[in-house]
Amino acid sequence: MPDFEHQRRQLLAQLTAYMATLHDPNAQVLETEQLIRFAHTVDELRHTFVAKIDRVDMATDGALRVVDYKTGQVRKYLTQPAAADLQLCIYRLAIQHAYE
């Protein structure tokens, strides 16, 4: 089991990375712990999705941003996700359904 000091340093590093790369002090928090149910049709087949989104922000330019809280090490893929990331694709569809 990691010692307390190691955990404290890791948490501090994560918070510092978050503030430096993801925090926008001018953004408006629209929702937290949002559960969005929506239907999406692909090739004439209707699919029902449920997305639980940690936080939805609106930037000063009106753009919406999903904040997905993670645990563990800070990794680059959290700030620059792959285009084929299924979870983020579902979040995108959910945001379109709920806000557009």
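Of the contacts in the protein with a separation of 6 or more, 51% join residues that sit 24 or more positions apart; a contact here means heavy atoms within 4.5 Å. The model behind these values is predicted, with local features needing pLDDT of at least 70 and side-chain atom pairs counting only at pLDDT 80 or more, while totals for chains, interfaces and linings use all residues. Numbering starts from 1 along each chain as its sequence is written, and side-chain values use heavy atoms, with hydrogens and water left out.

As for the overall layout, the protein has two helices and three strands, and from the N terminus on they come in the order α-β-β-β-α. Helices (H or I, at least four residues) and strands (E, at least two) are DSSP runs, numbered from the N terminus. Of the 100 residues, 15% are buried, where buried means under 20% relative accessible area, exposed over 50%, and partly exposed in between (1.4 Å probe, protein chains only). The accessible surface adds up to about 7700 Å², and carbon and sulfur atoms hold 55% of that; these areas come from the Shrake-Rupley method with a 1.4 Å probe.

Then there is the backbone. Most residues other than glycine have a negative phi. Glu33, however, has a positive phi, near 50 degrees. Glu33 is part of strand 1, which covers residues 28-42, and it counts as exposed because its relative accessibility is 51%. Glu44 also shows a positive phi, near 65 degrees. Glu44 lies in the loop between strand 1 and strand 2 (45-58), and with a relative accessible area of 80%, Glu44 is exposed too.
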